[in-house]
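The exercises below are meant to be worked through with the sequence and the structure side by side. Each task is followed by a solution that proceeds step by step.

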Amino acid sequence: MEQALPLEKKTVWKNLQEHKKRLEKINIIELFNNNPSRFKQCSIQQGEFLLDFSKNRIDEKALKELIKLADSCHLPAWMNQMKAGHNINHTERRSVFHIALRAPADQEMITDGRNVVPEIQQELNKMEQFVKKIHEGEWRGYSGRKITQVVNIGIGGSDLGPYLATQSLRPYWLKKVEMHFVSNLDGAQLALTLEGMDPETTLFIIASKSFATLETIYEAQTAREWFLEKAVEHEHIQHHFVALSSNVQKATEFGIAADNIFRMWDWVGGRYSLWSSIGLSIALTIGMDNFRSILAGAHEMDKHFFEADFRHNIPVILALLGIWYRNFFDYNTQAILPYDSLLHLLPSYLQQLDMESNGKHIKRNGASANYATGPIIWGETGSNGQHAFFQFLHQSDTVVPVDFIASINTHYPLRDHQSLLFSNLIAQSEALMKGRNLDEVLESLSPDSPDYDHQQLIARYRTFRGNTPSNTLLINKLTPHNFGALLAMYEHKIFVQGVIWNINSFDQWGVELGKELASHLQRDLIHGLNVEGHDPSTTGLLKHYLKISEPS
Ligand code: F6P
C-alpha cells in the first residue's frame with residue numbers, strides 16, 4: 001500500500017494548507033457564532049463516552065478534506081490489514097494484533113494462518129486459575145504461608161499499563177493482596193518496596209516480553225538474591241516467582257517453573273500489552289471479572305473504530321485533529337489533562353504509547369519524512385495543573401492543543417467536590433477558547449476604584465490570547481469497561497496518525513543505541529576498567545564518577 005505520492009505533494013495536503021490559511025484568521029468563537037448547531041455536529045457519543053471536539057480551529061470543509069487525506073493514505077485498507085493479522089509491523093516482520101487479545105471467545109482472529117483466540121482464552125483461563133489460587137490462599141509460599149504482597153517487576157509497557165490500570169481502578173480493589181510496581185533501575189525503588197516485606201509471603205511477577213530488558217532482569221536478580229537470603233533453597237523460587245513473557249527459554253533459565261510462565265506472543269507490542277498476561281497484576285488487584293470487563297470495553301472501542309464512518313469515529317477524528325495541528329498549524333506538543341486523580345498516570349502512559357509509536361521520521365519506504373510526525377505528549381491531572389503550567393497554556397506564545405478528560409460520576413462523592421472539579425474543567429476549556437482582550441479588561445475596571453490607575457497600567461497583563469483548541473472527553477463513570485475503551489481509543493488514534501504519516505508505529509528502534517552504549521559502559525564502571533576512548537565529556541564524567549563513587 002505504498003502511497004503514490006509523498007504526503008506533502010498530494011493535492012489534498014495542499015488543499016489543507018489553504019484551509020489552514022483561511023481558518024487561522026477565524027476565532028473558534030466565531031465558528032460557534034456562524035453555526036448554532038456546532039456543538040451537536042462536532043460531538044460524538046459512543047457507549048458511555050461523549051467527545052466534544054467543537055472547541056477546535058476546524059470547520060466542516062476542512063474536516064472533510066482531512067477525511068479525504070485519510071482515504072488517500074489508504075486508511076481503510078490499513079485497518080483491514082490490522083484486522084486480518086497481516087505483518088504491518090514490517091521492520092520486525094510481525095502482525096499487530098493486540099485487538100485479538102480483547103476479542104470475544106467465539107470470534108476468529110487469524111494471524112500467521114491460525115486462529116489465535118483459543119490460545120488467548122487458554123491463557124486467560126490460566127490467569128484466572130492463578131488469581132483464584134492466590135486470592136483464596138490455596139497458593140502457598142515455601143513455608144506454607146499465604147501470599148500477601150505482590151511485586152510486579154517490569155518497565156515501559158510491562159509496567160505503565162498495569163500500573164495505570166491498578167491506580168485508575170482503585171475503587172475495584174479486592175484487597176486480597178497488596179500490589180507494588182518496581183520499574184526503575186535505581187536501587188531506591190526496589191529497596192524501598194522490599195523494606196519490611198517478608199520473602200515468605202511475597203510473590204514476584206517478572207513482566208518482560210523479551211525477558212532481556214536490562215532493568216527488569218537486573219532487578220529480578222536482586223529480588224531473587226533478597227528472596228534466597230531467607231529461603232536459601234533454589235527450589236523455593238517456584239512458589240514465589242512467576243514470569244509474563246514470550247521468551248519461555250530465558251524465563252526458565254532464570255529459574256522460573258514452566259507452569260509459572262504466562263505466555264504472550266510476538267504480535268503483542270510492549271506498549272500494547274496490558275491486555276495480555278502482562279495484565280496479571282491488574283487481575284490480582286481487581287479480580288479476573290473486572291479484568292475481563294477492561295477487555296470488553298476495549299473491544300467495544302475496537303468495534304466502533306472499525307465500523308463507524310470516519311466523520312463519526314472518535315479515534316479517527318482525534319487523529320485527524322492531531323495531524324491538523326501538528327502539520328498545518330505547526331503545534332508540536334499535546335497536553336493530556338485528566339480531571340480525575342485516579343487517572344494521574346494517564347499522561348505518562350500516553351507518553352510511551354504515543355511517543356514510542358510515532359516519534360519517528362523514517363517512513364515505511366526507508367526515506368525521511370519531509371513533514372512533522374508525533375508531538376510531545378505531556379500533562380497532569382486537573383485541577384493540579386491549573387496551579388502549575390496553565391499560566392503557560394493561557395499566556396505564553398506557544399499554543400498547546402489540549403485533551404480534557406473527565407468522569408462525570410465519581411466513586412467518591414464527597415460534598416460538592418465533583419461539581420466544583422467539573423466547573424473548573426469547563427471554565428478552563430472556555431477560557432482557553434475565548435481568551436480576553438484589552439477592551440474587555442478595561443471595561444471591567446471601575447473608575448471609582450482607589451486602585452483604578454494601577455489596574456489600568458496592568459491591564460495588558462490580564463489579557464488572554466484565547467483561541468486555544470481543546471477536545472473534551474466525558475465518561476459517565478470510570479469503570480473497568482470504560483477504562484479499557486479509553487486506552488483503546490488512544491491506541492487507534494495513534495495507529496491512524498502513523499498510517500497518515502506513513503511510518504511504522506509498532507517498532508521502537510530509537511531505544512537501541514542507548515542500550516548498546518550502556519552495556520559497554522556498565523561493564524567498565526562495575527569493574528573500574530579503562531574509561532578512555534570516549535569523547536572528552538563522556539570520559540570526564542566516567543572518571544569523576546569512579547573517583548567519587550563509594551563501594552556498594
Ligand atoms: O523501551 C523499549 C521497550 O522495548 C518497550 O517497548 C517495552 O515496553 C519495554 O522496553 C519493556 O520491554 P520488555 O517487556 O521486553 O521487558
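**Exercise 1. The chain as a whole**

How many helices and strands does the protein chain have? Describe also its overall extent.

Solution. Bear in mind from the start that this is a predicted model. Counting along the protein chain gives 22 helices and 13 strands. The radius of gyration of the chain is 26 Å, close to the 24 Å that the globule rule gives for 552 residues, so the chain is as compact as a globular protein of that length. As a last step, the C-alpha trace can be followed along its principal axes, where it spans about 80 × 65 × 60 Å.

**Exercise 2. An open sheet and its helices**

In what order do the strands of the five-stranded open sheet stand? Work out what happens at its edges, and which helices lie on the sheet.

Solution. The order is 6-5-7-8-9, and the pairing is parallel. At the two edges stand strand 6 (178–182) and strand 9 (261–263), each of which has a single partner strand, so one side of each is left without a neighbour in the sheet. From one strand to the next, the twist averages 20 degrees.

Now look at one edge in detail: strand 8 (residues 241–245) runs parallel to strand 9 and is joined to it by three bridges. Within this pairing, Ser245 has Arg263 of strand 9 as its bridge partner.

Next come the helices. Helix 7 (residues 117–135) lies across strand 7 (202–207), strand 8 and strand 9, and runs at about 145 degrees to strand 9. Helix 9 (residues 187–194) also packs on the sheet, where it touches strand 5 (149–153), strand 6 and strand 7, and its direction makes about 165 degrees with that of strand 6.

**Exercise 3. Two pockets**

Which helix gives the largest share of the lining of the largest pocket? Describe this pocket, and then treat the second largest pocket in the same manner.

Solution. The largest pocket has a volume of about 920 Å³. Its lining is made up of 39 residues, and those nearest its centre are Ser210, Thr213, Gln508, Val511 and Lys515. Helix 10 (214–231), helix 15 (346–358) and helix 21 (512–526) each supply at least two residues of this lining, and helix 21 provides the largest share, five residues. Sorted by class, the lining has twelve nonpolar, 18 polar and nine charged residues.

The second largest pocket holds about 520 Å³ of space. Among the 15 residues that line it, Tyr218, Gln522, Leu525, Ile526 and Tyr545 are the closest to its centre. Two or more lining residues come from each of helix 10, helix 21 and helix 22 (536–548), and the largest share, four residues, again belongs to helix 21. By class, this second lining divides into nine nonpolar, five polar and one charged.

**Exercise 4. Backbone details in two loops**

Where in the chain does Ser383 lie, and what is the value of phi at His74?

Solution. Ser383 is part of the loop between strand 11 (376–379) and helix 16 (390–395). The peptide bond that leads from Gly382 to Ser383 is cis, with omega near 5 degrees. For His74, phi is near 60 degrees, which is a positive value in a residue other than glycine. His74 is found in the loop between helix 4 (60–72) and helix 5 (75–83).

Note on methods: Residues are numbered from 1 along each chain as its sequence is written. This is a predicted model: local features need pLDDT of at least 70, side-chain atom pairs count only at pLDDT 80 or more; totals for chains, interfaces and linings use all residues. Side-chain values use heavy atoms; hydrogens and water are left out. Two strands pair if DSSP finds at least two bridges between them. Axes are lines fitted to C-alpha atoms, for helices over the stretch in contact, and angles run from 0 to 180 degrees between N-to-C directions. Contact means heavy atoms within 4.5 Å. On a 1 Å grid over the protein atoms alone, a cavity is a set of points where a 1.4 Å probe fits but cannot get out, and a pocket is an open set with protein on both sides within 12 Å along at least five of seven lines; lining residues have an atom within 4 Å of a point. Grid points are joined across faces, edges and corners, and a volume is the space filled by probe spheres set on the points. Ala, Val, Leu, Ile, Met, Phe, Trp, Tyr, Cys and Pro count as nonpolar, Asp, Glu, Lys and Arg as charged, and the others, Gly among them, as polar. The radius of gyration is taken over C-alpha atoms; the globule rule is 2.2 Å times the number of residues to the power 0.38.
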